[in-house]
Amino acid sequence: MGAIQLESLQAPGIDLEHVQVRKGCANQSAYIIIDRTTGERTVLWRRDDCCASKLGDAPEHITCARLLHIDGHDTQAVEHAARIARAAGMPVTVDVDTIYHGFDRVLPHVDYLIAAPSFLCNGPTRAIRSARWR
C-alpha cells in the first residue's frame, strides 16, 4: 500500500526526496467519517509503533517548506521540528483535535490552530489559553 501512496504523491509532482520508507512497517491508515449535518468527524485510525517519529527524524531540511503542519503524535520529535521551523521564521500550524498529553510544550511554537468547532467548545481550552501566541 505504501507504494501506491508514494505514486499518488509523485504523479502531481510532489517532491518526495526526504520521505522515509521503513521496510517491514505497515503504513498508518485513517478513515474519516463526516456527519454532513453538523460537520463533525470521526476518525478510525491505525498506526503501528514502527511508524513513530523519533527526535532525529526531524532534520534541518524541513525548512525548505513554506510552513510546518504538526499534530499531537510523537510530541518530542514534533517539538524539535517546530523549534527548527520557528527559528527559520516558518509558520507552524497544528490540528488541535490531535492534542495529547505533553503537547503543551509544543503549543508555544505554534502560529495557527486548526480546530473543529466542537473542540473549541468542549476541548482543553485551558492549555490553548496558556500558550504564548506570536
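The following dialogue explains how terms are applied to a predicted model of one protein chain.

Mentor: This is a predicted model, in which local features need pLDDT of at least 70 and side-chain atom pairs count only at pLDDT 80 or more, while totals for chains, interfaces and linings use all residues. Residues are numbered from 1 along each chain as its sequence is written, and side-chain values use heavy atoms, with hydrogens and water left out.

Trainee: What makes a stretch of the protein chain a helix or a strand, and how many of each are there?

Mentor: Helices are DSSP runs of H or I with at least four residues, strands are DSSP runs of E with at least two, and both are numbered from the N terminus. The protein chain has four helices and five strands, in the order α-β-β-β-α-β-β-α-α from the N terminus on.

Trainee: Why is Glu79 called buried?

Mentor: Buried means under 20% relative accessible area, exposed means over 50%, and partly exposed lies in between, with a 1.4 Å probe and protein chains only. Glu79, which is in helix 2, has a relative accessible area of 11%, so this residue is buried. Buried residues make up 28% of the 134 residues in the protein chain.

Trainee: Which residues is Glu79 in contact with, beyond its neighbours within four places in sequence?

Mentor: Contact means heavy atoms within 4.5 Å. With those neighbours left aside, Glu79 is in contact with Arg105, Val106 and His109.

Trainee: What makes Glu79 and Arg83 a salt bridge?

Mentor: A salt bridge is a side-chain nitrogen of Lys or Arg within 4 Å of a carboxyl oxygen of Asp or Glu. The closest N and O atoms of Glu79 and Arg83 are 3.0 Å apart, so the pair qualifies. Both residues lie in helix 2, and because they are four residues apart, about one helical turn separates them. Arg83 has a relative accessible area of 45% and is therefore partly exposed.

Trainee: How many salt bridges does the structure hold, and which others are there besides Glu79 with Arg83?

Mentor: The structure holds three salt bridges. One of them joins the side chains of Asp74 and Arg47, at 2.7 Å from N to O. That pair links distant parts of the chain, 27 residues apart: Asp74 is in the loop between strand 3 and helix 2, and Arg47 is in the loop between strand 2 and strand 3. Another joins the side chains of Arg86 and Asp111, at 2.9 Å from N to O. Arg86 lies in helix 2 and Asp111 in the loop between strand 4 and strand 5 (112-114), so this pair ties together parts 25 residues apart in sequence. Arg86 counts as partly exposed because its relative accessibility is 22%.

Trainee: How do you know that strand 1 lies largely in the open?

Mentor: Strand 1 covers residues 29-34, and of these six residues the number buried is zero, so the strand lies largely in the open.

Trainee: What makes strand 1 and strand 2 a pair, and in which sense do they run?

Mentor: Two strands pair if DSSP finds at least two bridges between them. Strand 1 and strand 2 (residues 41-46) have six bridges, so they pair, in the antiparallel sense. Across the pair, Ser29 stands opposite Arg46, and Ile33 stands opposite Thr42. The hairpin has six residues between the strands, and Gly39 takes a positive phi near 80° there.

Trainee: Which residues make the nonpolar surface patch?

Mentor: Patches are made of residues with over 30% relative accessible area and no salt bridge; like charges are joined within 9 Å, and nonpolar side chains (Val, Leu, Ile, Met, Phe, Trp, Tyr) within 5 Å. Here Ile32, Ile34, Val43 and Trp45 make a patch of about 390 Å². The elements giving two or more residues to this patch are strand 1 and strand 2. Val43 is in strand 2 and counts as partly exposed, because its relative accessibility is 38%.

Trainee: What makes a group of residues a nonpolar core, and which element gives the most to the largest one?

Mentor: A nonpolar core is a set of buried Ala, Val, Leu, Ile, Met, Phe, Trp, Tyr and Cys residues joined through side-chain atoms within 4.5 Å. The largest has 14 residues, and those with the most contacts inside it are Leu68, Ile70, Val92 and Val110. Strand 3 (68-70), helix 2 (75-87) and strand 4 (92-95) are the elements that give two or more residues to this core. Helix 2 gives the most, with five residues.

How values were computed: Accessible areas come from the Shrake-Rupley method with a 1.4 Å probe; for residues, only the protein chains shown count as cover.
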